[in-house]
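This report describes one protein chain, from its rings and cores to its backbone. The sequence and the structure come next.

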Amino acid sequence: MQHRTEVEAADALRHAYQQISAEIGKVIVGQQEVLKFVLISIFSNGHCLLVGVPGLAKTLLVQTVAQVLDLDFKRIQFTPDLMPSDIIGSEILGEDRNFKFIPGPVFANIILADEINRTPPKTQAALLEAMMEKSVTAAGITHRLAQPFFVLATQNPIEQEGTYPLPEAQLDRFMFNVALDYPTFQEELLVVKNTTSTQKTEVRKLLSAEQIIYFQQLVRNIPVTDHVLEYAVKLVAKTRPNGEMAAPQVKRLLNWGAGPRASQFLILGAKCHAVINGKYAPDIEDVQAIAKPILRHRIVRSYHAEAEGLSADDIIEGLF
């Protein structure tokens with residue numbers, strides 16, 4: 001898959017994005033915003049955390065994305081008794097009296113980590129190396145994972161009984177924290193109509209692993225001007241209560257700000273957002289369009305913010 005110019009390649013990426021959205025729309029009703037962030041994270045080579053109450057088709061969305069992208073897909077249901085070896089695999093004694101490694105479900109292109117906050121930190125940490133290094137280590141031997149590799153994790157925001165909230169270091173590994181909302185009345189009518197009859201919807205496979213890797217490279221090659229770069233880094237710096245750029249309200253409303261990884265993801269995400277919207281370089285609007293899902297899980301609100309009923313999104317918007 002080669003294009004003569006990067007402009008042609010960028011147009012191909014935009015066209016692929018539109019096709020994928022339309023194809024997934026045959027199965028998933030609404031959730032356009034959520035789908036946009038999932039696809040941006042895939043083309044930017046990031047991971048995505050989907051936060052929403054049960055029954056909002058989070059699992060179906062991820063399965064459908066994997067089908068349309070023609071990628072190997074595995075689902076891991078996180079439970080309190082899940083062990084690290086249940087994710088990465090384990091060594092067993094073979095018939096020839098030698099140990100051999102049996103790969104776990106993490107050896108796939110798309111991993112759906114269902115209810116990731118239900119499992120203890122030891123097991124959550126097993127996924128950390130895979131997400132960051134794109135490899136796993138078992139019995140001292142490092143095994144590379146298939147490329148491309150994405151973790152799409154889901155979390156239920158209501159139930160906190162018997163859950164293990166993800167530590168900040170693990171949350172920081174996720175490019176986006178995407179909040180799912182209930183469908184509108186019309187959308188829910190359509191969902192019920194489509195899912196309570198015998199009709200089955202088939203989706204076409206549109207992109208291969210090689211094409212996705214090509215587009216990921218393309219996104220990194222997109223030029224970005226200095227003032228957009230400075231805007232993104234400044235936006236992140238403003239969230240740090242003890243930093244020199246902290247806005248006065250931030251010192252009162254936040255206990256903790258975002259790290260440098262947020263700045264990197266803001267630029268990568270803005271590049272991809274620009275291309276899928278028909279631009280060849282990102283501007284400040286592109287940075288703002290993706291800022292909330294990138295920053296909301298990287299800032300820690302103070303009790304002042306909670307007392308005033310201000311959400312993370314309200315605070316981020318105040319920084320624009």
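Rings of Phe, Tyr and Trp (its six-membered ring) pair if their centres lie within 6.5 Å; planes under 30 degrees apart count as stacked, over 60 as edge-to-face and the rest as tilted. By that rule, ring pairs link F43, Y214 and F215 into a cluster. The model is predicted, so local features need pLDDT of at least 70 and side-chain atom pairs count only at pLDDT 80 or more, while totals for chains, interfaces and linings use all residues. Residues are numbered from 1 along each chain as its sequence is written, and side-chain values use heavy atoms, with hydrogens and water left out.

**Overall form**

The secondary structure of the protein chain comes to 14 helices and eleven strands. Helices (H or I, at least four residues) and strands (E, at least two) are DSSP runs, numbered from the N terminus. For 320 residues, a compact globule would have a radius of gyration near 20 Å, and the value for the protein chain, 20 Å, agrees. This radius is taken over C-alpha atoms, and the globule rule is 2.2 Å times the number of residues to the power 0.38. The C-alpha trace spans about 65 × 45 × 45 Å along its principal axes.

Of the 320 residues, 49% count as buried. Buried means under 20% relative accessible area, exposed over 50%, and partly exposed in between (1.4 Å probe, protein chains only). The accessible surface of the protein chain comes to about 15,700 Å², and 54% of that surface belongs to carbon and sulfur atoms. These areas come from the Shrake-Rupley method with a 1.4 Å probe; for residues, only the protein chains shown count as cover.

Contact means heavy atoms within 4.5 Å. Among contacts with a separation of 6 or more, 75% are between residues 24 or more positions apart.

**Aromatic pairs**

A search of the whole structure finds four aromatic pairs. One of them, F37 with F176, is tilted, at 5.1 Å centre to centre and 50° between the planes. This pair links distant parts of the chain: F37 lies in helix α2 (residues 32–43) and F176 in strand β9 (residues 176–179), 139 residues apart. F37 counts as buried because its relative accessibility is 6%. F176 is also buried, with a relative accessible area of 0%.

The charged end of K36 sits over the ring of F37, 5.2 Å from its centre. A charge sits over a ring if NZ of Lys or CZ of Arg is within 6 Å of the ring centre and within 35 degrees of the ring normal.

**Nonpolar cores**

A nonpolar core is a set of buried Ala, Val, Leu, Ile, Met, Phe, Trp, Tyr and Cys residues joined through side-chain atoms within 4.5 Å. The largest has 77 residues, and I20, V38, L50, F176, F215 and L266 have the most contacts inside it. Helix α11 (residues 260–276) gives the most to this core, with nine residues. A second, separate core of 26 residues includes F78, F107, I116 and L166.

With residues up to four places away in sequence not counted, V38 touches C48, L50, L61, V65 and L152. On the same basis, Q155 touches L49, L50, V51, G52, K58, I116, N117 and L166. Q155 is found in strand β8 and counts as buried because its relative accessibility is 17%.

**Backbone**

Most residues other than glycine have a negative phi, and most peptide bonds are trans. The peptide bond from Q147 to P148 is cis, with omega near -10°. P148 is in the loop between β7 (141–144) and β8 (150–155). Two residues other than glycine with positive phi are listed below.

| Residue | Phi | Loop | Relative accessibility |
|---|---|---|---|
| D70 | near 50° | between α3 (58–68) and β2 (73–77) | 41%, partly exposed |
| E115 | near 55° | between β5 (110–114) and α5 (121–133) | 24%, partly exposed |

**Helix α12**

K292 is found in helix α12 (residues 284–295). Its relative accessible area is 23%, so K292 is partly exposed. Leaving aside neighbours within four places in sequence, K292 is in contact with D313, I316 and E317. The C-alpha atoms of K292 and L266, 26 residues apart along the chain, are separated by 9.9 Å.
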